[in-house]
Amino acid sequence: AIWNGTAWSPLGVGSFNGVDGPVYALKYHNTNDTNGDDLYIGGSFRWSTEYDRTSTPAFNITMWNVGCLPAYNTYCFQPRDLGADGPVYTMDLGGGYLYFGGAFLAAGYAYDVPAKHVAAFSYGSDQCYSLGAGLTNTVQDVAVDQRDGHVYAASQGCDSDDCSASE
């Protein structure tokens, strides 16, 4: 839903826009282009549904184009190469990437990227990437330092050599 300053309204046009499960995280991306900004949605769901009741696979993470024009047969949910084989609980943006974490072991639309509980999506190349060996336990939160690009993850432990003591 969107708050416009006085009232809540559903995303897009009509009452059919949405996903078929709980949403745990939202991240707004100001793209500064003519296609409109993006709203990344993470949670535990399998489908996104458009204004015309058309459903698209959306594996626990999807992107909604804020500037979509349903009147011109433009779909608002964009499948891209986003996906995770388990729930997505958190997201943050930095350096051309959407970083996301949760209770998953693989990322990408076809789950073809090994990613233990944390992954990155390049919105420039439309691909998911692993972050080293990943983390042992579910990631509850991620944060990106906008100055140096360091990615912080809130998890319970680490079994990887590339984890910091502050995890």
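Rings of Phe, Tyr and Trp, the last represented by its six-membered ring, are taken to pair if their centres lie within 6.5 Å. In the structure described here, which is a predicted model, the count by this rule comes to eight aromatic pairs. One of them joins Tyr97 and Tyr99: the ring centres are 5.9 Å apart and the planes stand at 40 degrees, so the pair is classed as tilted. That class holds because the angle is neither under 30 degrees, as stacked rings require, nor over 60, as edge-to-face rings require. The two residues of this pair were also examined for accessibility. Tyr97 is partly exposed, at 28% relative accessibility, whereas Tyr99, with a relative accessible area of 11%, is buried. Elsewhere, ring pairs connect Phe59, Tyr109 and Tyr111 into a cluster.

The arrangement of strands was considered next. An open sheet is formed by four strands in the order 4-5-8-9, with antiparallel pairing. Strand 4 (23–29) and strand 9 (77–78) occupy the edges; each has a single partner strand, so one side of each lacks a neighbour in the sheet. Within this sheet, strand 5 (residues 38–43) pairs with strand 8 (residues 61–65) in the antiparallel sense, over five bridges. Among the residues involved, Leu39 has Trp64 in strand 8 as its bridge partner.

Charged side chains were then examined. Side chains of opposite charge can pair when their charged atoms come close. The structure contains two salt bridges. In one, the side chains of Asp92 and Lys27 meet at 3.2 Å, N to O. This salt bridge links distant parts of the chain, since Asp92 belongs to strand 10 (residues 88–94) and Lys27 to strand 4, with their positions 65 residues apart. Asp92 is buried, at 12% relative accessibility, while Lys27 is partly exposed, with a relative accessible area of 24%.

In the other salt bridge, the side chains of Arg147 and Asp145 meet at 3.3 Å, N to O. Arg147 is exposed, at 77% relative accessibility. Asp145, by contrast, has a relative accessibility of 14% and counts as buried, because this value falls under the 20% limit. The position of Asp145 is in the loop between strand 16 (141–144) and strand 17 (151–154). When residues up to four places away in sequence are not counted, Asp145 touches His150 and Tyr152.

Definitions and conventions. Residues numbered from 1 in each chain as written. Predicted model: local features only at pLDDT ≥ 70, side-chain atom pairs only at ≥ 80, totals over all residues. Heavy atoms only, no water. Pairing = 2+ DSSP bridges. Helix = DSSP H or I, 4+ residues; strand = E, 2+ residues; numbered from the N terminus. Buried < 20%, exposed > 50% of the residue type's maximum accessible area, 1.4 Å probe, protein only. Contact = heavy atoms within 4.5 Å. Salt bridge = Lys/Arg side-chain N within 4 Å of Asp/Glu carboxyl O.
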